[in-house]
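This report covers salt bridges and one sheet. Please look at the sequence and the structure before reading on.

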Amino acid sequence: MKKVLVTLLVSLFVFFAFANTYIGADATGKKGGTLILPTLSGPRTVNDTVSKETSSSDVIAMFMSWGGTLIERDARDGKFYPALAEKWDGPRLTKDGGMEIIWYLRKGVKWSDGTPFTADDVVFTLNDIYTNPDIPSSFKDVIKSTNGYLPKATKINDYTVKMYYPEPFRLALRYLGGMYIFPKHKAESWVKNKKFAEFWTVDSINKKEIVGLGPFIPVEYVPDQYVRFVANPNYWKKDKNGTQLPYLKEVVYKIISSQDAQKLAFEKGEVDIYSPRGTEFNYFKENEKKFNITVLSYGPAYGTLFITFNWNNKDQAKRDWFRNVHFRKAVAYAMDKKKMIDTLFNGLAIEQWSPVSMASPFYNEKVTVKYPYDLNKARAELKLGGFSWDKNGRLIDSKGRPVKFTIETNAGNTVREGMGNIITAALKQLGMDITFVPGDFNTLINRMLNVGDWDAIIIGLTGGDEPQGGRNVWALDGSLHFWNLSPENADWVDPKIYWVPDFEKEIDKIFKENVRILDENVVKDYWAKYQKLASENIPLIYTVNSLRLFAWRNTIKNVKITLLGGTTWNLDWLYKEE
């Protein structure tokens with residue numbers, strides 16, 4: 001094992017020692033133009049440690065990602081390249097059994113307000129924000145090592161930082177290099193006053209308080225209408241010809257609360273990029289010339305869509321049902337995925353059974369348990385779970401309580417609404433009394449995580465090729481372990497009713513231990529066991545996985561669709577011909 005570790009670390013060092021370029025350095029394009037993107041909801045916050053929903057994280061990425069991190073991953077070849085760190089040493093073992101990375105920061109970089117970017121910002125961000133016990137965040141969840149250690153940063157000089165783990169951590173380079181960095185000169189007082197959760201609320205946008213290292217800074221937010229960003233005047237990247245990036249003058253997130261309305265806006269030319277639903281793909285493909293657009297399908301998406309249940313429901317009957325694995329298996333067998341694919345995606349989707357994306361090298365179909373649509377098997381599972389039916393055909397549990405609950409999803413997302421209707425109809429055939437209610441997305445997330453007054457929700461998660469990125473979802477102490485939140489993370493959960501089954505303990509152990517393993521074959525064994533446990537016990541009951549469908553106006557240039565990236569992965573060097 002030690003030999004494998006040394007070989008890996010040496011190969012990393014050799015590659016990165018000579019790859020001192022950055023993504024976009026070979027770009028060519030024209031300055032100017034405004035890119036208009038559709039979004040279903042506005043942000044709830046612009047503070048990365050508080051953000052729990054994509055409506056916020058998409059806004060945050062504009063000024064904290066795309067060149068605002070130490071390293072970046074190129075979606076074309078999957079490799080990591082220098083960004084704010086022009087080079088680095090490691091990751092490498094230390095004599096005490098730990099692991100370290102030495103980052104050499106790019107000199108002359110400035111924050112959008114003109115303040116110099118230095119090692120102080122990096123050290124402050126890691127030590128005072130992301131590893132601060134008083135500041136919870138999803139990022140803290142994913143950077144914990146096997147024994148719960150968090151990394152520490154040490155300033156060597158103004159442009160050199162050492163990051164250290166007391167034990168090996170397989171993903172140190174990826175996660176620490178991709179860390180969003182906060183401006184110490186703006187955030188430090190909020191940390192010292194223990195009010196960091198109130199730092200950078202959405203009101204900060206119109207107050208022009210946002211400072212970033214990324215390509216675009218939010219300067220105007222009109223609720224239910226739009227978020228407007230302007231090019232960072234101090235963005236550090238330059239293109240092949242020495243022209244400062246980004247090319248675009250502005251980016252606007254136009255808030256359009258339904259997918260039908262987004263489709264119409266794209267047809268009219270009111271937005272520049274759109275993610276067509278499967279039912280719309282052929283229509284747009286056939287009308288590429290008419291609308292002057294490009295339409296493309298490119299492999300399965302990384303994200304997941306599923307229905308999940310609130311195991312900590314305040315209603316004891318619902319807790320009993322939702323914690324019953326046979327109940328969940330019955331719901332899984334009632335999932336008519338082929339109907340979803342045909343009616344909601346026009347065939348442009350595939351059945352999903354695993355928490356690991358089929359596009360990931362760690363996906364293992366052999367170990368994944370599947371539940372093809374079969375209402376007879378669903379009824380058999382319900383009987384195994386102690387359920388029966390009364391003389392009126394109503395499903396009742398072993399105590400005679402009728403099975404009645406509410407399923408929710410975010411309104412305006414017609415695919416999820418369609419799934420809700422299909423699932424509800426099937427469960428009603430099993431004798432369940434179901435109410436299906438679409439609602440506001442941000443409100444739904446808040447209730448899911450902070451209030452707890454929900455029964456079942458159809459929702460999705462973004463994904464990636466590395467399953468460990470889901471630690472904040474699957475670990476017992478994960479901030480997004482929403483179906484069974486720990487009382488330590490959610491004060492609405494009664495410790496007296498909190499319950500952790502053995503399979504959850506096993507999955508938690510997998511997420512803790514795999515990061516100390518550097519042999520990829522062994523890591524694959526860990527993720528195989530995880531997929532087996534998750535599919536056998538299905539706390540998240542997966543629906544279908546859409547193919548990645550893209551559409552953009554031909555006035556948008558430099559679009560580079562890849563397996564790892566969509567229309568905007570290289571946003572800082574997209575440009576628009578007007």
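Which residues are linked with K237 in a network of salt bridges? The model is predicted, and in it E72 and D572 join K237 in such a network.

**Salt bridges**

The count comes to 34 salt bridges. Three of the pairs are listed here.

| Pair | Closest N to O distance |
|---|---|
| D572 and K237 | 3.0 Å |
| K576 and D272 | 2.9 Å |
| R447 and D453 | 3.0 Å |

The side chains of D572 and K237 meet in a salt bridge. D572 lies in the loop between β22 (556-557) and β23 (575-576), and K237 in the loop between β9 (226-231) and β10 (250-255), so this pair ties together parts that are 335 residues apart in sequence. With a relative accessibility of 2%, D572 counts as buried; K237, at 0%, is buried as well.

K576 and D272 also form a salt bridge. K576 sits in strand β23 and D272 in the loop between α8 (259-267) and β11 (273-274), so the pair ties together parts 304 residues apart in sequence. Both K576 and D272 are buried.

In the salt bridge of R447 with D453, R447 counts as buried at 19% relative accessibility, whereas D453, at 42%, is partly exposed.

**The sheet**

An open sheet with mixed pairing is formed by five strands in the order β18-β17-β19-β13-β20. β18 (433-439) and β20 (540-542) are at the edges with a single partner strand each, so one side of each has no neighbour in the sheet. On average, neighbouring strands of this sheet are turned by 30° against each other, direction ignored.

Strands β17 (residues 404-410) and β19 (residues 456-461) run parallel and are joined by two bridges. E408 has I457 in β19 as its bridge partner.

How values were computed:
Residues numbered from 1 in each chain as written. Predicted model: local features only at pLDDT ≥ 70, side-chain atom pairs only at ≥ 80, totals over all residues. Heavy atoms only, no water. Pairing = 2+ DSSP bridges. Helix = DSSP H or I, 4+ residues; strand = E, 2+ residues; numbered from the N terminus. Axes fitted to C-alpha atoms, helices over the stretch in contact; angles between N-to-C directions. Salt bridge = Lys/Arg side-chain N within 4 Å of Asp/Glu carboxyl O. Buried < 20%, exposed > 50% of the residue type's maximum accessible area, 1.4 Å probe, protein only.
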